[in-house]
Structures are given as C-alpha cells and as structure tokens.
Amino acid sequence: MDKPNLATTTNTTPEQALYSVNLLEKVSRLRQEARTLSEQDEEFTFTCAAKRPACVVLPSWVYIRSVTLRLIHDYLIVVLALVAGSCCPTVVGSSDEKQRDARYPDHWWQAVPHEGAPTWEILPQEAGPGEVILSKRNELGLLSNFAATPFTFRNKRYASLEGFWQMMLYPETENDPRAKFAGLHWAYTRDQVSQLTSFEAKKAGTLAEANMNQMGITWVTFEGEQIEYRSASPEKHYRLIVEATWEKVRENPEVKRVLLATGNLILKPDHHQESNAPPEWR
C-alpha cells in the first residue's frame with residue numbers, strides 16, 4: 001500500500017508527518033512479520049477486527065510473540081490510532097526537560113523519592129525518552145503479572161497471571177514426582193497458588209523453586225506434561241504464558257483500556273531483571 005504524502009497535508013507539521021510515516025512503517029514491518037510467521041504455521045493468533053477505510057488496515061491474523069505484551073502492544077497501538085482517527089502527538093516540555101506526549105497523564109512519570117523505595121523497584125521517573133515504567137504505584141500496574149486480574153484459561157479460573165505462573169511449580173497430583181520426593185515441604189497446594197496474587201504468589205513460587213533446586217529438576221508441569229522452566233529460546237512454557245497473558249487482556253476491559261492508553265510508549269518493567277533472563281521474563 002502506498003504511503004500518503006502526509007508532509008503536504010493541511011495543518012500537518014513536519015514532525016507530525018514524520019510520526020505518521022513512522023507509524024505506517026511500523027505497521028508494514030508487523031504485517032511482514034505476521035506473514036512470515038503464518039507461513040511457518042505458528043499456533044497462536046488473534047483477530048484484529050478494528051478497521052478504518054481511511055487508515056492502514058491490520059492483517060487479519062497476528063501471532064502473539066511476547067509475554068510482556070510487546071507485539072500485542074504494537075498492534076493495539078495501531079488499533080488505538082485507527083479508532084481515535086489521529087496519529088499525531090503533541091509534545092510538551094522544554095528542551096531542558098524530558099519531553100512528554102500530551103496524550104499521556106503526567107502522573108505516569110511522577111517522581112518518587114528513592115529513600116524508602118524497595119531495592120528491586122525501578123521508579124517512574126527513571127523511564128527513558130519514549131518509555132514508561134509499568135509501576136504498581138498507578139494504574140499501569142494492571143499490566144503487571146502481579147495484578148489481581150482474574151481470567152479463565154483452559155476451563156480453570158486464575159486470580160492473576162502470577163498465580164498461574166507459579167502454580168506450575170507445584171505438584172499436580174499425589175503421584176507427581178515432586179509430591180513423592182522425600183523431605184520436601186510444600187507450603188501451598190497447586191490450587192491455592194492459582195488463586196494468589198501479587199507478592200504472595202511470588203513468595204509461593206520462591207518456596208517452590210527452593211524445592212526444585214533440592215530435587216535437582218528444571219521442569220514444571222501443566223495438564224500433566226513436564227515442561228522446561230527456563231529455556232533459552234521460546235518453548236512450551238513461554239507459549240503458555242503468552243496464551244494466558246492474552247486471556248488476561250481479553251477478559252479484563254480495564255487492562256485493555258490501560259494498555260491502549262499507553263499508545264506508542266515503550267513499556268518497561270518496574271523491577272530489575274537478570275541480564276540472561278529467559279524470554280518469558282522479558
């Protein structure tokens with residue numbers, strides 16, 4: 001599809017034209033990626049139904065690649081642009097300040113004192129240009145695995161994505177090798193962990209990882225299948241997290257609204273990550 005000459009459109013500044021062209025280029029890249037993945041017969045897709053004749057049209061099927069919602073985020077950016085009917089931001093702030101797009105609320109970057117902040121936390125004001133921290137201190141925390149955003153996946157209800165994630169570390173049945181291993185104490189049942197949220201779910205996972213280390217295993221289970229937990233490349237565990245993440249977004253309108261509201265910002269975690277983290281953790 002030919003790109004419109006946005007630079008000559010009435011009332012469009014060169015900066016706005018450049019932004020719009022960049023958006024079209026992003027759509028083109030994403031469309032090509034979707035075609036390539038479709039040819040490879042990848043499993044996970046979702047339908048994007050929002051289309052506007054006057055604007056670019058998304059491909060019908062899109063493969064969900066990132067547990068951190070990067071690819072979902074990119075496509076929803078475009079959906080937001082199509083629905084809003086505008087692709088041109090207004091930038092505020094002086095050259096001596098970090099420039100912020102006026103479409104986004106200032107409190108997403110509101111400074112928080114380092115004194116008293118947890119050592120694991122990346123504070124909102126630490127975002128780079130074009131970035132936003134998914135801080136649990138504001139509504140962006142809904143995009144965190146920790147958020148109490150219940151969803152149903154494979155006919156089972158989970159209280160949070162973190163609960164779903166950590167549940168897989170726990171014995172599935174009484175015949176599970178983890179349940180029969182001598183000397184281990186499991187602080188929770190698998191069903192209990194599935195209904196946990198936030199730091200409590202994370203704590204349950206930390207306890208389970210200690211048991212895994214004692215057993216010398218690197219696998220977890222889902223629906224009776226042993227799955228490698230920390231693969232260097234996207235494998236079954238990664239794909240399960242991706243599927244569950246999409247269900248969280250699809251089943252929680254407020255999560256979807258907040259995700260759309262982030263527009264073209266780069267979403268960054270609010271915690272420090274290990275440099276060689278598996279794809280699921282990124």
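Is Ser 135 buried or exposed? The close-ups below, all from a predicted model, start with that residue.

**View 1. Ser 135 and its surroundings.** Ser 135 counts as buried, because its relative accessibility is 0%. The residue sits in a loop, between strand S5 (131–133) and S6. Neighbours within four places in sequence are left aside here. Beyond them, Ser 135 is in contact with Glu 121, Pro 124, Leu 140, Gly 141 and Asp 270.

**View 2. The largest nonpolar core.** This core has 29 residues. Phe 164, Met 168, Tyr 170 and Phe 222 have the most contacts inside it. Two or more residues each come from strand S6 (151–153), helix H3 (161–167), helix H6 (198–215), strand S8 (219–222) and H7. H6 gives the most, with five residues.

**View 3. Contacts of Phe 222.** Phe 222 is among the residues with the most contacts inside the largest nonpolar core. Again, neighbours within four places in sequence are left aside. Phe 222 is in contact with Phe 153, Tyr 158, Phe 164, Met 167, Met 168, Ile 227 and Leu 240. Arg 154, Glu 172 and Arg 190 are also in contact with Phe 222. Apart from the largest core lies another, of 17 residues. Its members include Tyr 104, Trp 246, Val 255 and Leu 265.

**View 4. Aromatic residues.** The structure holds 13 aromatic pairs. In one of them, the ring centres of Tyr 104 and Trp 108 are 6.0 Å apart. Their planes lie at 20°, so this pair is stacked. Both Tyr 104 and Trp 108 are buried. Elsewhere in the view, one aromatic cluster is formed by Phe 151, Phe 153, Tyr 158, Phe 164 and Phe 222.

**View 5. Helix H7 against helix H8.** Helix H7 covers residues 236–251, and helix H8 covers residues 253–261. The two pack at an angle of about 100°. Their axes are 5 Å apart. Angles of 65 to 115 degrees count as roughly perpendicular, so H7 is roughly perpendicular to H8. From H7, the contact takes Lys 248, Val 249 and Glu 251. From H8, Pro 253, Val 255, Lys 256 and Leu 259 meet them. By type, the contact residues divide into four nonpolar, no polar and three charged. Val 255 in H8 also belongs to the core of 17 residues. H7, in turn, is among the elements that give two or more residues to the largest core.

Key: Residues numbered from 1 in each chain as written. Predicted model: local features only at pLDDT ≥ 70, side-chain atom pairs only at ≥ 80, totals over all residues. Heavy atoms only, no water. Axes fitted to C-alpha atoms, helices over the stretch in contact; angles between N-to-C directions. Helix = DSSP H or I, 4+ residues; strand = E, 2+ residues; numbered from the N terminus. Parallel < 35°, antiparallel > 145°, perpendicular 65-115°, else oblique. Contact = heavy atoms within 4.5 Å. Nonpolar A, V, L, I, M, F, W, Y, C, P; charged D, E, K, R; others polar. Core = buried A, V, L, I, M, F, W, Y, C linked by side-chain atoms within 4.5 Å. Buried < 20%, exposed > 50% of the residue type's maximum accessible area, 1.4 Å probe, protein only. Phe/Tyr/Trp six-rings, centres within 6.5 Å; stacked < 30°, edge-to-face > 60°.
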